[in-house]
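Reader: I have a fresh model open at my bench and would love a guided tour. Could you take me through it, one question at a time?

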Amino acid sequence: DNNFKICQGALQGVSTAVRQHGEYFRPHINATLKAVVERLGDGKQPVRDAARELLLAIMELNGPAAVMEKVAAAWTHKNWHTRDEM
């Protein structure tokens, strides 16, 4: 979304849901990771922070190695913010 407060709030909400009810979120991890990586490249720092927190919450749930394997393409992403946040 173009409104950074909406993006930030949505990412924070999903992050809270993952931390509190992670087992219910597990089937949706693959679909969520691509969007989270894209938000790591957002122009607003609060959105990038919220995306990073969500990525960390997913790593706590699914294991860092499994998540990093799925988002490995972000290391060569065209947006420098995305590469920097990884």
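Author: Gladly! One cut-off first: a residue is called buried when its relative accessible area is under 20%, and exposed when it is over 50%. Keep in mind too that this is a predicted model.

Reader: Is Asp42 buried or exposed?

Author: The relative accessible area of Asp42 is 12%. Buried means under 20%, so Asp42 counts as buried.

Reader: Which residue forms a salt bridge with Asp42?

Author: The closest N and O atoms of this pair are 2.4 Å apart. The partner is partly exposed, at 26% relative accessibility. That partner is Arg39.

Reader: Let's move to helix H1. What distance separates its end C-alpha atoms?

Author: Helix H1 runs over residues 4-20, which makes 17 residues. At 1.5 Å a residue, H1 should span 24 Å, and the model agrees with that expectation. The end C-alpha atoms are apart by 24 Å.

Reader: Which residue caps the N-terminal end of H1?

Author: Look for a side-chain oxygen that lies 3.0 Å from the backbone nitrogen of Lys5. Lys5 itself is found in H1. The oxygen belongs to the capping residue, Asn3.

Reader: How wide an arc do the buried residues of H1 cover around the axis?

Author: The buried residues are Cys7, Leu11, Ser15 and Val18. Their arc is narrow enough to put them on the same side of H1, while the face turned away from the buried side carries the exposed residues Lys5 and Gln20. Helices H2, H3 and H4 are among what covers the buried residues. The arc of those buried residues is only 65 degrees.

Reader: Which helix gives the most to the largest nonpolar core?

Author: That core has 20 residues, and Leu33, Leu55 and Ile58 have the most contacts inside it. H1, H3 and H4 each supply at least two residues. With nine residues, the one that gives the most is H4.

Reader: And which residues are linked in a network of salt bridges?

Author: Start with the salt bridge between the side chains of Arg19 and Glu53, at 3.7 Å from N to O. This pair links helix H1 to helix H4 across 34 residues of chain. Arg19 also meets Glu60 in a salt bridge, again at 3.7 Å, and here the partners are 41 residues apart along the chain. The network therefore consists, by the salt-bridge cut-off of 4 Å, of Arg19, Glu53 and Glu60.

Notes. Residues are numbered from 1 along each chain as its sequence is written. This is a predicted model: local features need pLDDT of at least 70, side-chain atom pairs count only at pLDDT 80 or more; totals for chains, interfaces and linings use all residues. Side-chain values use heavy atoms; hydrogens and water are left out. Helices (H or I, at least four residues) and strands (E, at least two) are DSSP runs, numbered from the N terminus. The expected span of a helix is 1.5 Å times one less than its number of residues. Buried means under 20% relative accessible area, exposed over 50%, partly exposed in between (1.4 Å probe, protein chains only). The arc is that of the directions from the helix axis to the C-beta atoms. Contact means heavy atoms within 4.5 Å. A polar contact is a pair of N or O atoms within 3.5 Å; within protein, one must be able to donate a hydrogen and the other to accept it, and residues adjacent in sequence count only if both atoms are side-chain atoms. A nonpolar core is a set of buried Ala, Val, Leu, Ile, Met, Phe, Trp, Tyr and Cys residues joined through side-chain atoms within 4.5 Å.
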